[in-house]
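Reader: I am new to this structure and would like a close look at a single part of it. Please take one residue and work outward from there.

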Amino acid sequence: MRVPQEHLQTYEGSRFFAPGSTNGKVARKANRNRRKNARTRQNVKIRRRTVLYLGENFAVKLFSDFKFQRFVENFNERGLIYCQFETFRHFNDMNLSLLGQKLLDSPNAGGNSVESEVLSYELLHRCYGARLAKTEMEVVYFPEGGSITDYTCEMFGTLLGVSVTRAMKYKGDFTLEDANKLLNKKLNGIVNSTQNTLEKWSKQILHVWATSHHVANMVTQAYRHLPTDIQSNTVVFITVVVTSNTTIFCNS
């Protein structure tokens, strides 16, 4: 991964192996370990490789980073990736990268949250070495008038389209029905923009900002029941925001 190593820490989760020997103390110790670890085995699988990015603006806890790279690099791969995001500064006080600032200053097609798009790029740039290629209004389509992507970038040697959305609900609980509507709309839009673009991207990322782990779980359940033609080869990147005072979910 092309990432600033000084800002990354890797935590390898414990791995448990049953000893082959059944001799005396070894067997008893193995049995104790099996009982002790049975309660946490599921969590161990999730945490086997966790990478923590620490920067001046935000921290990101990355899960399955190698799987994400594989999804991006291989044209026929698709799937879900999770990370956790915590901000240290208000968005207006953040020191953005040069291309992140360009994304902020560029005109767009009238979306409600420029902040979520800029932070999407900053996260992919800081953690995975992504480099902005074109902003929303620089991407060319024919015919025009269909769905468009938010920006394009190069990452892991692959040109990608990135569409950014927010999974949230102002009143009531975010439900499975809400997740289905969101994913169907956004993933169908990605298929449409990929068909119409004159750019040469390999695939797209749907970056979903989620207000909670519950919302992320709803999106996950909905995704698993979608037809493969809607999933296409899109990588769904779910980011759970754990900062309570963030403005990512506020409309511009």
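Author: A residue is called buried when its relative accessible area is under 20%, exposed when that area is over 50%, and partly exposed in between. This is a predicted model. The residue chosen here is M155, which counts as buried because its relative accessibility is 0%.

M155 belongs to strand β6, which covers residues 151–155. Along the chain, L132 is 23 residues away from M155, and the C-alpha atoms of the two are separated by 9.0 Å.

What does β6 pair with? Its partner is β7, in the antiparallel sense, over 5 bridges. One facing pair is Y151 with V162, the latter in β7. The hairpin of β6 and β7 has 2 residues between the strands, and F156 there takes a positive phi near 55 degrees. As a general point, most residues other than glycine have a negative phi.

Strand β7 spans residues 158–167, and 9 of its 10 residues are buried, so the strand is largely enclosed by the rest of the structure. Strand β7 is also joined to strand β8 (residues 203–210), by 8 bridges, and these two run parallel. Within that pairing, S163 has L206 in β8 as its bridge partner. To get from β7 to β8 the chain passes through helix α6 (residues 176–196), making a β-α-β crossover that is right-handed.

Helix α6 also holds D178. The side chain of D178 makes a polar contact with the side chain of K169, at 3.0 Å. Leaving out residues up to four places away in sequence, D178 touches K169 and D173.

Back to M155 and its packing. The largest nonpolar core has 39 residues, and the members that touch the most others in it are F68, L124 and M155. Helix α5 (residues 114–128) supplies the largest share of this core, with 8 residues. In soluble globular proteins, nonpolar side chains tend to be buried together.

Which residues does F68 touch? With residues up to four places away in sequence not counted, they are I81, L124, Y128, M155, F156, I205, V235 and F237. M155 is thus joined in this list by F156, the hairpin residue with the positive phi. Apart from the largest core lies another one, of 22 residues, with I190, V215, M218 and V236 among them.

The loop that leads from β5 (131–135) to β6 contains P143. The peptide bond between F142 and P143 is cis, with omega about 0 degrees. Most peptide bonds, in general, are trans.

Two serines in other loops also have a positive phi. S64 has a phi near 55 degrees and sits in the loop between β3 (58–63) and α3 (65–73). Because its relative accessibility is 30%, S64 counts as partly exposed. S232 has a phi near 50 degrees, and its loop runs between α8 (228–231) and β9 (235–241). With a relative accessible area of 29%, S232 is partly exposed as well.

To return to the starting point, M155 is a buried residue of strand β6, and one of the core members that touch the most others.

Notes
Residues numbered from 1 in each chain as written. Predicted model: local features only at pLDDT ≥ 70, side-chain atom pairs only at ≥ 80, totals over all residues. Heavy atoms only, no water. Helix = DSSP H or I, 4+ residues; strand = E, 2+ residues; numbered from the N terminus. Buried < 20%, exposed > 50% of the residue type's maximum accessible area, 1.4 Å probe, protein only. Pairing = 2+ DSSP bridges. Right-handed = clockwise from strand over helix to strand, strands pointing away. Core = buried A, V, L, I, M, F, W, Y, C linked by side-chain atoms within 4.5 Å. Contact = heavy atoms within 4.5 Å. Polar contact = N/O pair within 3.5 Å; in protein donor to acceptor, adjacent residues only side chain to side chain.
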